[in-house]
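Me: I want to go through the labels used for this model. Please set each value against its cut-off.

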Amino acid sequence: MSTRRRLAAGNWKMNGTGADLAVATALAGRHPAPGCDILLCPPATLLSRMSQALEGSAIATGGQDCHAADSGAHTGDISAPMLRDAGAAYVIVGHSERRADHGESDAAVRAKAEAAMRHGLCAVVCLGETLAQREAGRTLEVIGTQLAGSVPDGADGDSLVVAYEPVWAIGTGKVPTLEQIGEVHDFIRARLEERFGAAAGGAVRLLYGGSVKPGNAAGIFAVSNVDGALVGGASLKAEDFSPIIEALEAAG
Ligand code: PEP
């Protein structure tokens, strides 16, 4: 059995106002001593309030992006030390929506992950192929290139989480087969161990993301090298996210 502590991470994207903090506190109430780590990444406007509302609970908070620099003339951006100041322990970087909407390259994602690591945040680095790339048989090549380019040197199980999120599965209700998920996760694990050594590379948690729901979570969590999930839509309601957390706890 793996010694990696499993992680259920919710990405609220551009959803949520003050009233939705009740979702976070409801989850904290339902999971006072969870058998896995739980993370919520609300929009930046809610981060500080959510961190305060969850103080003393088992749920950590994270940002959805950070700038590579610590401060400066970057209107609208948020830095890693600002996220720390708002109570975050994690930050998602390189989500496919940021790569697509903001043209973020692997090098840009790596610089953001480096900023996170400099400031003691755990970087959740997202990777994923498009449908065209999968259909062209290029999935592992694409994932290998993104992984090599987006993950900083010196990463380990405390500073890095990798999320495999096929672009075509995000928010679509389409999910790869369990064999397809296992193939990519085993590949990522092997590459991490090659680069960082068996101990550090073996300690990095690998999340699957893309249309994870209460009904498919248990099957996905049984796949080798799946240490949890990055969940979008189904993390917005406690009654959806809670059974996913329970499925992860049951996966042991
Ligand atoms: C995501 O945004 O990272 C995601 C996986 O979204 P969804 O669960 O809604 O597909």
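**Ligand and a buried arginine**

Me: What makes the pair between H95 and the ligand a polar contact?

Reply: A polar side-chain atom of H95 lies 3.0 Å from an oxygen atom of the ligand. A polar contact is a pair of N or O atoms within 3.5 Å; within protein, one must be able to donate a hydrogen and the other to accept it, and residues adjacent in sequence count only if both atoms are side-chain atoms. So 3.0 Å meets the cut-off. The model is predicted: local features need pLDDT of at least 70, side-chain atom pairs count only at pLDDT 80 or more, and totals for chains, interfaces and linings use all residues. Residues are numbered from 1 along each chain as its sequence is written, and side-chain values use heavy atoms, without hydrogens and water.

Me: Which backbone atoms lie by an oxygen atom of the ligand, and at what distance?

Reply: A backbone N or O atom of G171 lies at 2.6 Å. For G232, the distance is 2.8 Å. The protein covers 97% of the 290 Å² of accessible area that the ligand has on its own (Shrake-Rupley method, 1.4 Å probe).

Me: Why is R189 called buried?

Reply: Its relative accessibility is 5%. Buried means under 20% relative accessible area, exposed over 50%, partly exposed in between (1.4 Å probe, protein chains only). Therefore R189 counts as buried.

Me: What does the side chain of R189 make a polar contact with?

Reply: The side chain of N225, at 2.8 Å. R189 is also in contact (heavy atoms within 4.5 Å) with residues including R4, L206 and D227, leaving aside neighbours within four places in sequence.
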